[in-house]
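Me: Could you take a close look at one part of this model for me? I'd like to understand the side of chain A that touches chain B.

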Amino acid sequence: MALIKGLMNCNRTFVLIPLLMTLTCGCSIGRIYKGSEIRCDPNEKIKIGSTTKGEILEIFGPPIKIQKQYDGDVFVYAYLQKNSSVLTIEEPYFTNMLIFEYTREQQKMDGLVILFDKNGVVKNFGFQKGTKELTVY
Amino acid sequence: MDLVGDEPLTNYPFANILSYQYNRGSVRGIIAILFYFVEWTVKSDRLVIFFDEDEKVKYYGFDKGTDEL
C-alpha cells in the first residue's frame with residue numbers, strides 16, 4: 001500500500017514539474033515624467049498681495065497655461081509623474097494562456113495655480129505636491 | 001492637462017504674449033528576457049514674453065527644461 005502511494009506521488013511530481021517549467025513569469029516597470037518640476041516651494045516664495053507677475057515668472061519660469069478671468073489672469077504650473085508595474089505569469093509554449101497578471105499604475109501631479117488681480121499682483125494661489133505620494137514599486 | 005504643448009499656452013483673442021517652446025523626449029530602458037524597465041521623460045525649453053501697451057517687453061519667463069534630460 002505504501003509503495004502504491006509512493007508511486008502515485010512520484011507520478012504527480014513528474015507531471016507537475018514539466019508543467020511548471022513551461023510557465024513564464026515576467027515583470028515590467030515603467031516610468032513617465034512630463035514637464036518640469038516646480039522649482040521652489042510656493043509657500044515660501046509667494047506673498048499674497050505683494051508678489052508680482054514678473055517675480056512669479058522669474059521664480060517659477062513660464063507657466064504651462066495662462067487663463068484670463070474677468071478680474072485678472074491665472075497661471076497654471078504642473079509636473080506629471082506616472083509609475084507602473086506589471087507582473088505576469090503565462091504559459092507561452094502550448095496554450096499561450098495568460099494565467100495571472102497584476103498591474104499597478106499610479107499617476108500623480110504637482111500642481112500650482114496662481115491668481116492675479118488686475119494690477120498683476122498675486123491675489124491667491126493653490127499648491128499640491130502629489131508626486132510625493134508615489135511609491136517606488 | 002497638456003504638459004508638452006499640444007494645446008496653446010493661452011486662448012486670449014488679442015494676447016500681448018509671445019511663447020516659444022522646444023520639446024525633447026528621452027526613453028531609457030533595460031529589456032531582458034523576463035524583465036523590462038522603461039523610463040520615458042519629456043522636457044521642454046519654454047520662453048514666454050509679455051509686452052506692454054507700447055509693445056515693449058514688460059516681463060518674461062524662461063525655463064530650460066531639456067537640461068534635466
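Reply: Happy to; here is a walk through that side of chain A, followed by the chain around it. Please keep in mind that this is a predicted model.

Let's begin with the contact itself: 24 residues of chain A meet 28 residues of chain B, where a contact means C-beta atoms, placed from the backbone, within 7 Å. On the chain A side, the elements that each give two or more residues are strand S1 (24-34), helix H3 (53-60), strand S2 (65-69) and strand S3 (72-91). S1(A) provides the largest share, with eleven residues. By character, the chain A side divides into eleven nonpolar, eight polar and five charged residues.

S1(A) also pairs across the two chains: S1(A) and strand S2 (residues 35-51) of chain B run parallel, joined by eight bridges. For a landmark to click on, try A:Gly30, which stands opposite B:Val38 in S2(B).

Two other contributors, S2(A) and S3(A), pair with each other within chain A. They run antiparallel, with five bridges between them, and form a hairpin with two residues in between. Within this pairing, A:Lys68 stands opposite A:Asp73 of S3(A).

To place these pieces in the whole chain, chain A has three helices and five strands, which follow the pattern α-β-α-α-β-β-β-β along the sequence. Of its 137 residues, 19% count as buried. Finally, taking the contacts in chain A between residues at least 6 apart in sequence, 57% join residues at least 24 apart.

Definitions and conventions. Residues numbered from 1 in each chain as written. Chains lettered and ligands numbered in written order. Predicted model: local features only at pLDDT ≥ 70, side-chain atom pairs only at ≥ 80, totals over all residues. Contact = placed C-beta atoms within 7 Å. Helix = DSSP H or I, 4+ residues; strand = E, 2+ residues; numbered from the N terminus. Nonpolar A, V, L, I, M, F, W, Y, C, P; charged D, E, K, R; others polar. Pairing = 2+ DSSP bridges. Buried ≥ 20, exposed ≤ 12 C-beta atoms within 10 Å, placed from the backbone.
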